[in-house]
Amino acid sequence: QLQLVESGGGLVQPGGSLRLSCAASGFTLEHYAIGWFRQAPGKEREVVSCISRYGGRTNYADSVKGRFTISNDGAKMYLQMNNLKPDDTAVYYCAADSWATGCPVGGYWGQGTQVTVSS
């Protein structure tokens, strides 16, 4: 079965760090546009960070620049999140799209993992 499986969410204090992982099952992430998205309660889903197909371009939302880092080893993608803030609280989703040239639009999506930043 082709799917993405996420892990690594949880509760963390402001200023703390978390690393999200997203494993591809049944396929590799090579030649896919990949990315992380998040959706906070009452808000629309937003792009956090993406790597274009073939890895030529990496994008970050302004709100996470300098704090979050996206990476990919072909089997998994990761989102290292440092200096977390309460506004980062959301359900985080990973995605992989073999057709998109920028951020994923369709393709495969993870089940979502909750990240809560609170003291």
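S7 and S8 make a hairpin with 3 residues between the two strands, and glycine 74 in the turn takes a positive phi of about 95°. Strands here are DSSP runs of E at least two residues long, numbered from the N terminus. The model is a predicted one, so to speak of local features takes a pLDDT of at least 70 and side-chain atom pairs count only at pLDDT 80 or more, while totals for chains, interfaces and linings use all residues. Residue numbers start from 1 along each chain as its sequence is written, and side-chain values use heavy atoms, with hydrogens and water left out.

Strand S7 (residues 68–72) and strand S8 (residues 76–81) run antiparallel and are joined by 5 bridges; for two strands to count as paired, DSSP has to find at least two bridges between them. On the S8 side, methionine 81 is the bridge partner of phenylalanine 68, and glutamine 80 is that of threonine 69.

The hairpin belongs to an open sheet of 4 strands in the order S1-S3-S8-S7, with antiparallel pairing. Its edges are strand S1 (3–7) and S7, each pairing on one side only. On average, neighbouring strands of this sheet are turned by 15° against each other, direction ignored; the axes behind that angle are lines fitted to C-alpha atoms.

S7 and S8 also turn up in the largest nonpolar core, as do strand S3 (18–25), strand S4 (33–39), strand S5 (46–51), strand S9 (90–97) and strand S11 (113–117), each giving two or more residues. That core has 28 residues, and Trp36, Leu79, Met81 and Tyr92 have the most contacts inside it. A core of this kind is a set of buried Ala, Val, Leu, Ile, Met, Phe, Trp, Tyr and Cys residues joined through side-chain atoms within 4.5 Å, buried being under 20% relative accessible area with a 1.4 Å probe, protein chains only. Leaving aside residues up to four places away in sequence, leucine 79 touches residues including Leu18, Trp36, Val48, Phe68, Ile70 and Tyr92, where contact means heavy atoms within 4.5 Å.

Zooming out, the protein chain has 0 helices and 11 strands. Some 41% of its 119 residues count as buried. Of the contacts between residues at least 6 apart in sequence, 57% join residues at least 24 apart. The C-alpha trace spans about 40 × 30 × 25 Å along its principal axes. The radius of gyration is 13 Å, which agrees with the value near 14 Å for a compact globule of 119 residues; this is taken over C-alpha atoms, and the globule rule is 2.2 Å times the number of residues to the power 0.38.

Conventions. Axes are lines fitted to C-alpha atoms, for helices over the stretch in contact, and angles run from 0 to 180 degrees between N-to-C directions. Buried means under 20% relative accessible area, exposed over 50%, partly exposed in between (1.4 Å probe, protein chains only).
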